Amino acid sequence: MQAELTSTPTPANWPQTLVGVGVLVTGLALAYGAIDISSEAGYGGVGPNFLPWLVSIALTLCGGWILWEARTGGFREMEESDSTPPYWTGFIWVSAGLLLNAGLITVIGFILSCALCYLLAVQGLRRAGGQAIANSPRTWFIDLLTGLIISAPVYWMFTKFLAINLPGLTATGWI
């Protein structure tokens, strides 16, 4: 027997509706911001406004869909669960990594700021996963080294092969 769709929302649907409105407004705000980005075709015939428009359209469609789902009976097939509470400490570690990356990228360069972002994000994820090795100095060193190993080739590909300027630590363009 198929569940009956209700057109009147229940009070439990309001958080779902707010999520849908939030995603929809985010998509529309990105579209508004994408209006000012040049559409002049670059490498491969794709202009710099392609990705912002793609993301804004996807978010707007998803937001509309979530909103429709919430207003016509709520998220279907959704069971009440006894989920664990969010791990706010891990969230703070990851957020600190992202914010420090944004704040320090022009001061210490792309490679070091991205490596720091990786280090802090991985620390947050390790702690959220309950890994005992998260506090080990060896783990910190390995995570920092891994961040450097990931960010350095990305920096060099963008600056040397694609000729896109990223903030560097030195004027040579290699760090």
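## Basis of the description

Helices are DSSP runs of H or I with at least four residues, and strands are E runs of at least two, both numbered from the N terminus. The model is predicted, with local features requiring a pLDDT of at least 70 and side-chain atom pairs counting only at pLDDT 80 or more, while totals for chains, interfaces and linings use all residues. Residues are numbered from 1 along each chain as its sequence is written, and side-chain values use heavy atoms, with hydrogens and water left out.

## Helix α2

Helix α2 comprises the 22 residues 50–71, and its end C-alpha atoms lie 32 Å apart, which agrees with the 32 Å that it should span at 1.5 Å a residue (the rise being multiplied by one less than the number of residues). Its buried residues (under 20% relative accessible area, with exposed over 50% and partly exposed in between, for a 1.4 Å probe and protein chains only) are Ser 56, Gly 63, Glu 69 and Ala 70. Viewed down the axis of α2, these buried residues fall within an arc of 155° and so line one face of the helix, the arc being that of the directions from the helix axis to the C-beta atoms.

The buried residues of α2 pack against α1 (14–34), whereas Leu 61 and Trp 65, on the other side of α2, are exposed. Just after α2, Gly 73 adopts a positive phi of about 125°.

## Aromatic pairs

Across the whole structure, a search finds three aromatic pairs (ring centres within 6.5 Å, using the six-membered ring of Trp, with planes under 30 degrees apart stacked, over 60 edge-to-face and the rest tilted). One of them joins Trp 93 and Trp 140 in an edge-to-face arrangement, with 5.8 Å from centre to centre and 65° between the planes. This pair links distant parts of the chain, since Trp 93 belongs to helix α3 (residues 88–108) and Trp 140 to helix α5 (residues 137–161), 47 residues apart. Trp 140 counts as partly exposed, at 29% relative accessibility.

Phe 110 and Tyr 155 form a stacked pair, because their ring centres are 5.9 Å apart and their planes stand at 25°. Here too distant parts of the chain are linked, with Phe 110 in helix α4 (residues 110–128) and Tyr 155 in helix α5, 45 residues apart. Both Phe 110 and Tyr 155 are buried.

## Phe 158 in helix α5

Phe 158 also has its place in helix α5, where its relative accessible area of 33% makes it partly exposed. Leaving aside neighbours within four places in sequence, Phe 158 is in contact (heavy atoms within 4.5 Å) with Ala 163, Ile 164 and Leu 166.
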